[in-house]
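Biologist: Could you take a close look at one part of this model for me, and then walk me slowly through what lies around other parts of the fold?

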Amino acid sequence: MSTGGGDAAALEEACAWACERIEAAGGRAEQVSIDGGHPMAVGELRCSRPGAPTVLSYGHYDVQAAGPEEAWESQPFEPTERDGRLYARGAADDKGNFLPLLHVACELARSGDLPLNVRFLIEGEEEVGSRSVLERLKTGEDEADCALVFDSVMVDESTPAVTSASRGLAQAGIEVRVAERDLHSGFYGGAVPNAAHVLLRMLSDVAPDADGRVRPELSTGVVAPTPEERASWERLPSGAQAIAEVGARPVSASAGAEFYERVGALTSVDVNMMRVGEPRTIVPAVARGHVSVRLAPRQSASEVGAALERLLREAAHASAEVSIESELAEPVLFDTSAPALQLGAEAIGRACGCAPAFVRLGGTLPLLSVLDQRGIPTIVSGFALPADAFHAPNESYRLESLRLGEAAARELYAALAELPAA
């Protein structure tokens, strides 16, 4: 695991395992670390055909911490098969998802049937921000005609998905200080600022309205989804069902019908944390909070991040000391008519016996924006399901999903061999 300080020895062992598989298939591989970060497995399998295109297959071997072990029905780091599922931390995110891309390429290379060149970038920091792999990708060392990322989910147990966009992120960690120490509310309340009150006013000024709508300063630059995308969303489970399945309630009467637009094509703002005071009669001196903005495709992370900080500071009490730590990630919108994405979607459809739906990812994968900036078309897919409980106790992965992933990897490598090499 890489979270909570990580397990350096286990991470290095996992990276070495991936490198050994590539080398055993006749390729080259090495462990690469940047500024002391967890190592990446960087390797390549080459085909014998002159002028063949190159595909970059990305995955991550690091996982989340197990959490409370008493919540697991079997040991989290000892894979256990039950009822057609493999239970273990990381089974779905991302080992079961990514493994077919590695396994199939190695098998084809060993048999001499690999139809294109496959580069691998397998990182150990995805769960903690992907710092090293982002630095690596920005250097341009890993040139490719297309990238494959199996780190996503299916629409349902039989319908695959291809990601057409992912939202960006502008988040701010906030600290407010109004005094040297907490004060007695009987002696000072009403005469001095209260850090809790200051923070609440700051956060309420950027929070969405009662219907979940975001203020215009934070939603500038949003591009409406195309009619083709909206038509594709009709194949997805209803938004009301998606909300109900996780035990939540819609924020407004229209949220169910607008679910896929709200979580993939519009800006959203969430207050993630507030920490202040204690249950006794004090005037808190310090308050801390965290707020995040999910950016719609085509928004600018730097512009929205600057607007977020400006609004927060303007809402603060004049005498408060305010510090804000920001983190930004750009959104991405892929051209689904690009040859690589069309070939990829057709290949996944053949493997699964069902054409994939193009969906927008409400979350943020900074890797995708870097690949997009470098002009590398990227096919983002995967065979995980919400029932796999990734990041939760008893994470699992269907053996059927492994089969679908292997079939999709074979079809993808064959189809993408038709791409012209750069």
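Modeller: In this predicted model, Leu134, Leu137 and Lys138 of helix 3 meet Pro366, Leu367, Val370 and Leu371 of helix 11. Sorted by the character of their side chains, the residues of this contact comprise six that are nonpolar, none that is polar and one that is charged. Helix 3 covers residues 131-138 and helix 11 covers residues 366-373, and their axes, which come within 10 Å, cross at roughly 0 degrees. Because angles under 35 degrees count as roughly parallel, helix 3 is roughly parallel to helix 11.

Turning from helices to strands, there is an open sheet of three strands, arranged in the order 4-5-18 and paired in an antiparallel way. Its edges are formed by strand 4, residues 80-82, and strand 18, residues 396-398, each of which pairs on one side only. If direction is ignored, neighbouring strands of this sheet are turned by 25 degrees against each other on average. Strand 5, made of residues 85-87, is joined to strand 18 by three bridges, and these two strands run antiparallel. You can locate this pairing in the structure by finding Tyr87, which stands opposite Ser396 in strand 18.

The sheet also has helices against it. Helix 2 packs on the sheet and touches strand 5 and strand 18, with a direction that makes about 35 degrees with that of strand 18. Helix 12, which consists of residues 399-416, lies across strand 4, strand 5 and strand 18, and runs at about 60 degrees to strand 18.

Helix 2 leads us on to a pocket, since this helix gives the most to the lining of the second largest pocket, namely seven residues. That pocket has a volume of about 710 Å³, and 27 residues line it, with Ala14, Tyr61, Arg89, Gly90 and Lys95 lying nearest its centre. The elements that give two or more residues to this lining are helix 1, residues 8-24, and helix 2, residues 91-111. When the lining residues of the second largest pocket are sorted by character, 19 are nonpolar, three are polar and five are charged.

To follow the whole path once more in the structure, begin where helix 3 meets helix 11, go on to the sheet with the order 4-5-18, and then use helix 2, which packs on that sheet, to reach the second largest pocket, whose lining takes seven residues from helix 2.

Methods. Residues are numbered from 1 along each chain as its sequence is written. This is a predicted model: local features need pLDDT of at least 70, side-chain atom pairs count only at pLDDT 80 or more; totals for chains, interfaces and linings use all residues. Side-chain values use heavy atoms; hydrogens and water are left out. On a 1 Å grid over the protein atoms alone, a cavity is a set of points where a 1.4 Å probe fits but cannot get out, and a pocket is an open set with protein on both sides within 12 Å along at least five of seven lines; lining residues have an atom within 4 Å of a point. Grid points are joined across faces, edges and corners, and a volume is the space filled by probe spheres set on the points. Helices (H or I, at least four residues) and strands (E, at least two) are DSSP runs, numbered from the N terminus. Ala, Val, Leu, Ile, Met, Phe, Trp, Tyr, Cys and Pro count as nonpolar, Asp, Glu, Lys and Arg as charged, and the others, Gly among them, as polar. Two strands pair if DSSP finds at least two bridges between them. Axes are lines fitted to C-alpha atoms, for helices over the stretch in contact, and angles run from 0 to 180 degrees between N-to-C directions. Contact means heavy atoms within 4.5 Å. Angles under 35 degrees count as roughly parallel, over 145 as roughly antiparallel, 65 to 115 as roughly perpendicular and the rest as oblique.
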